[in-house]
Amino acid sequence: DLYKLYDINLSRGVMASWMVNISRKLTPLYNVLEERMLKTCYIGIDETRLQVLGEENRKATTKSSMWVRSSEELGIALFDYDVSKGAAAVNRLLKGYSGVIQADEHSCCNEIEKKVSLRLGCMMHARRRFKKAYDLSEKKSEIAAQGLKFFKRFYDFEKSYKEQNLSAVERFKRRELDQGPLLENYKKWLLEKKEKVPPKSKIGNAINYSLNYWDHLTNYLKDGRYEVDNGFVERQIKQFALGRKNWLFSASVEGAEASSILYSLLVTIKLNKKDPYETLVTILKKLPDLKTPESWESI
């Protein structure tokens, strides 16, 4: 709009090339954030679909992925474009990492699970299966309703811990007292109901999901720092998904890679409660003086 006031007409291609060039200048900062994240000991990971038109040897309609790795403790969220939705992408993004990962039950995480210290699951995904079974049942499944009540209690406890601003140590102790017995009752209930429903039904799927991934789902009890679900990562992905509704696709691989760099910086800036525009302007003004890896560390 500002350019139009001066009768300057800019094509989308020109503006897109600006974003690509800016992202390349900011790549060293992205690398600093990635190095910090991979040195931490607790990372969440997830992905969403992305359409890129100009990928070599691939149809324009073929879907690629935008992966997100995040650390709530560090206030960092990194977006990464990859053609793969599978283990190849996860292995690349977590190469050399040996801490804790939290993820949905993607089979692509099975290989990396052998190389990390612990894998956490996502109670939110377990709950969604009961919600789906409840919503799709004609008479509103009583078993699904009972399952949802368990999750309400889990999340009510988690909400109360945050409202009380408990430390990680305090949350660990409270979870043992509050949720340890509740989880035991939940598992007994699952085993009992499993024998009464068809395994391929919606409610059967919900029950078997919790049982099949029980260790992943309950590993959050091992440390008060761990979250009950992968919601933090999903909230960061949502910002990309909302933008995607407007621009729909990336025209080139370069554009997808530029998006990953710029989304990483903007979302991370917001996580640290700073103004995205002002912060980026400040960084861009410093660019001429940032000539060594150490200088990027100081930003």
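## A first look at this helical chain

Asp7 is exposed, as its relative accessible area is 71%. That residue is a handy way into this predicted model, whose protein chain has 13 helices and five strands. The points below go from the whole chain to its helix 7, then to three helix pairs, and finally to a few single residues.

**The chain as a whole**

- Taken along the principal axes, the C-alpha atoms of the protein chain fill a box of roughly 70 × 45 × 40 Å.
- The protein chain has 299 residues, and 47% of them count as buried.
- Among contacts between residues at least 6 apart in sequence, 64% join residues at least 24 apart.

**Helix 7 and its bend**

- Helix 7 covers residues 168-194 and bends by about 40 degrees at Gln179. A proline, Pro181, follows within four residues of that bend.
- Gln179 itself is one of the buried residues of helix 7. Others in that buried set include Arg171, Arg175 and Asp178, as well as Leu182, Leu183, Tyr186 and Trp189.
- What lies over these buried residues? The cover includes helix 5 (123-136), helix 6 (142-163), helix 8 (202-212) and helix 9 (214-218).
- As a general point for reading such a list, an α-helix has 3.6 residues a turn, so residues three or four places apart point the same way.

**Helix 7 against helix 8**

- The axes of helix 7 and helix 8 come within 10 Å and cross at roughly 135 degrees. That angle makes helix 7 oblique to helix 8.
- The crossing of these two helices is left-handed.
- On the helix 7 side, Tyr186, Lys187, Leu190, Leu191, Lys193 and Lys194 take part, and they meet Ile207, Asn208, Ser210 and Leu211 of helix 8.
- By class, this contact of helix 7 with helix 8 divides into five nonpolar, two polar and three charged residues.
- Tyr186, Leu190 and Lys193 appear in this contact and are also among the buried residues of helix 7.

**Helix 5 against helix 8**

- Helix 8 also packs with helix 5, at an angle of about 165 degrees and with the axes 8 Å apart. Helix 5 is therefore roughly antiparallel to helix 8.
- This crossing of helix 5 and helix 8 is left-handed.
- Helix 5 brings His125, Ala126, Arg129, Phe130, Lys132, Ala133 and Leu136 to the contact, while helix 8 brings Lys202, Ile203, Asn205, Ala206, Ile207, Tyr209 and Ser210.
- Eight nonpolar, three polar and three charged residues make up the contact of helix 5 with helix 8.
- Ile207 and Ser210 of helix 8 take part here, and both also meet helix 7.

**A closer look at His125**

- His125 lies in helix 5.
- Is His125 buried or exposed? His125 is buried, because its relative accessible area of 14% is under the 20% cut-off.
- Leaving aside residues up to four places away in sequence, His125 touches Asp104, Tyr209 and Glu234. Of these, Tyr209 is one of the helix 8 residues in the contact with helix 5.

**Helix 10 against helix 11**

- Helix 10 (residues 231-247) and helix 11 (residues 253-271) have axes that come within 12 Å and cross at roughly 130 degrees. That makes helix 10 oblique to helix 11.
- Their crossing is right-handed.
- From helix 10, the contact uses Phe232, Gln236, Gln239, Phe240, Gly243 and Trp247; from helix 11, it uses Tyr263, Val267, Lys270 and Leu271.
- This contact of helix 10 with helix 11 has six nonpolar, three polar and one charged residues.

**Two loop residues with positive phi**

- Most residues other than glycine have a negative phi.
- Asp7 has a phi near 55 degrees, a positive value. Its place is in the loop between helix 1 (2-5) and helix 2.
- Asn165 also has a positive phi, near 55 degrees. This residue is found in the loop between helix 6 and helix 7.
- Asn165 is exposed, with a relative accessible area of 66%.

**Ala16 and a distance across the chain**

- Ala16 lies in helix 2 (residues 12-39). With a relative accessibility of 41%, Ala16 counts as partly exposed.
- How far apart in space are Ala16 and Tyr213? C-alpha to C-alpha, they are 43 Å apart, with their positions 197 residues apart in sequence numbering.

Technical notes
Residues numbered from 1 in each chain as written. Predicted model: local features only at pLDDT ≥ 70, side-chain atom pairs only at ≥ 80, totals over all residues. Heavy atoms only, no water. Bend = angle between axes of the 7 residues up to and from the residue. Buried < 20%, exposed > 50% of the residue type's maximum accessible area, 1.4 Å probe, protein only. Contact = heavy atoms within 4.5 Å. Axes fitted to C-alpha atoms, helices over the stretch in contact; angles between N-to-C directions. Parallel < 35°, antiparallel > 145°, perpendicular 65-115°, else oblique. Left-handed = near helix turned anticlockwise from the far one by under 90°. Nonpolar A, V, L, I, M, F, W, Y, C, P; charged D, E, K, R; others polar.
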